[in-house]
Each structure stands twice: as C-alpha cells, then as structure tokens.
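Good morning, and thank you for joining this meeting. I shall go through one structure, beginning with a single side chain and moving outward to the whole chain.

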Amino acid sequence: MSIPLVLASGSAIRAEMLRNAGVQFEVSVPRIDEETIKMSIQADETGASARDIADVLAEAKARKTALKHPEAMVIGCDQILAHGDQILSKPKNPDHALAQLKQLRGERHALLSAAVIYHEGQPIWRHVGQVRLRMREFSDAYLNGYVDRNWDQIQHCVGGYQLEAEGVRLFHNIEGDYFHVLGMPLLELLAFLTLRGAIEG
C-alpha cells in the first residue's frame, strides 16, 4: 500500500512542480506565524543563519500539518532570501516591493529553499538548497512599470519577483538549481520519495 503524500504549502508553484513531476498528493495549508518564528530565531544569541531559518520554518509547517495527517508523508517547505546579513520577506505592498528591488539592484543575493518531510510524528528527511543571483542595473522607470504590471503575482514572492515570469528580466546571472529558485529542492525531494517507495521509480 502506497503512503499518501501531503504538501504543507499554499504555494501554487510548489504544487504545480509536483503535479508536473507526476506526483499524487493532497494540499493542506498550515497556519503558522512565520514572522514571529523568524524574529524568535533571529533574536537567539547563537546567531541563526538564513539556512537555519528556512529549515526551521519548513519543519514547523510539516510538523503542524502532520498532526492532521499522521498516516501521510508531509512535505513542509519554506524559502528565505538573504542579502548580506539581512533577510527579506514577502513585500507588504507595492512601495515595499519597490524598496526591496532597489536594495537588490546591481547586487548579489541568495535564495535558500528548504524542505522537511514528516512521517509518523517525526522528521525523516530535510534538505536546504541554495541559489546565488545577481540583479542587473535596471532603470527606475522599468522597475516602476514592472511592479505595477506584476503586483498581483509578486506580492506572494520573497524579494518581489518571479523568475519564471517577467522577473527574469531583472537578473544578470543565476548560479544554482532552477527548482530551488521556484521554492522547492525538487530533484532531491523526488530522489528521497523514490528511495522510500512513496512514488514509483
């Protein structure tokens, strides 16, 4: 008997990636206070890294959803954008998106995409993938138009861009796995699920 899979994420992109890979799963969106968890981790004197924060948030989503689906393998995901020592979140409004993108313009930043799988009340697998990106020196006029045209989509994205859409025009170069940019270490996840027999391989 196959083990049911549950995606603990409201991200349409993550769900689409799994569907496109031929994976059968349910979606269950966890209700967690991400900002409070982030602030708590960042306030810790040990100085948690962006990688740690992504991992903790992914696990929190998987753990909470696993309480409702104890028989399933539950996949929790999170993505963090790190610019130097600063961590950027999803923009609160168009002006915030403009400010974030101006901050990143001409600069390098990193995206960290974490996934944690819970099964039978325990974390059984975790991975954090990292991509390094550098934005080009785009004009203010282009940036204003970009945010106006794309706000409905980018408000759900850390940093205020979608690389799979017009946001690709903001970039000079990208180093790393494209799936990590989209918010899930998909290849590593599929390899584990295949190894465990959760999906056919």
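**Leucine 170 and the cores**

Let us begin with leucine 170, which touches Leu101, Met135, Arg136, Phe138, Tyr142, Tyr146 and Tyr161 when residues up to four places away in sequence are not counted. Contact here means heavy atoms within 4.5 Å. A second, separate core holds 22 residues, including Met17, Phe25, Ile75 and Ile117. A nonpolar core is a set of buried Ala, Val, Leu, Ile, Met, Phe, Trp, Tyr and Cys residues joined through side-chain atoms within 4.5 Å. Buried means under 20% relative accessible area, exposed means over 50%, and partly exposed lies in between, with a 1.4 Å probe and protein chains only.

I should state the basis of these values. The model is predicted: local features need pLDDT of at least 70 and side-chain atom pairs count only at pLDDT 80 or more, while totals for chains, interfaces and linings use all residues. Residues are numbered from 1 along each chain as its sequence is written, and side-chain values use heavy atoms, with hydrogens and water left out.

Which residues of the largest nonpolar core touch the most other members? They are Leu101, Met135, Tyr146, Val147, Tyr161 and Leu170, out of 23 residues in that core. Two or more residues each come from α4 (94-104), β6 (122-135) and α5 (140-154). Helix α5 gives the largest share, 6 residues. In soluble globular proteins, nonpolar side chains tend to be buried together.

**The whole chain**

How many helices and strands does the chain have? There are 7 helices and 7 strands, where helices (H or I, at least four residues) and strands (E, at least two) are DSSP runs numbered from the N terminus. Their order along the sequence is β-α-β-α-α-β-β-α-β-β-α-β-α-α. The radius of gyration is 17 Å, close to the 17 Å that the globule rule gives for 201 residues, so the chain is as compact as a globular protein of that length. That radius is taken over C-alpha atoms, and the rule is 2.2 Å times the number of residues to the power 0.38. Along the principal axes, the C-alpha atoms fill a box of roughly 55 × 40 × 25 Å.

Buried residues account for 50% of the 201 residues. Of the contacts between residues at least 6 apart in sequence, 68% join residues at least 24 apart. The chain exposes about 10,100 Å², of which carbon and sulfur atoms supply 48%; this area comes from the Shrake-Rupley method with a 1.4 Å probe.

As for charge, there are 21 positive and 26 negative side chains, and the centres of the two sets lie 2 Å apart. Lys and Arg count as positive and Asp and Glu as negative, with His and the chain ends not counted. Each charge is placed at NZ of Lys, CZ of Arg, CG of Asp or CD of Glu.

**Individual positions**

Valine 6 is found in strand β1 (residues 5-8) and counts as buried at 2% relative accessibility. Beyond its neighbours within four places in sequence, valine 6 is in contact with Glu26, Ser28, Thr65, His69, Ala72, Met73, Val74 and Ile75.

Isoleucine 41 belongs to helix α2 (residues 34-43) and is buried, with a relative accessible area of 14%. Residues up to four places away aside, isoleucine 41 touches Ala48, Ile53 and Val56. Of these partners, isoleucine 53 is found in helix α3 (residues 50-68), and its relative accessible area is 0%.

Is serine 89, in the loop between β4 (86-88) and α4, buried or exposed? Serine 89 is buried, at 15% relative accessible area. With neighbours within four places left aside, its contacts are Glu35, Lys38, Gln100, Val158 and Gly159.

Alanine 99, in helix α4, is partly exposed, with a relative accessible area of 43%. Its C-alpha atom is 9.6 Å from that of glycine 160, although the two are 61 residues apart in sequence.

I close with glutamate 120, placed in the loop between β5 (108-119) and β6. Glutamate 120 is exposed, with a relative accessible area of 63%. The phi angle of glutamate 120 is near 55°, a positive value in a residue other than glycine. Most residues other than glycine have a negative phi.
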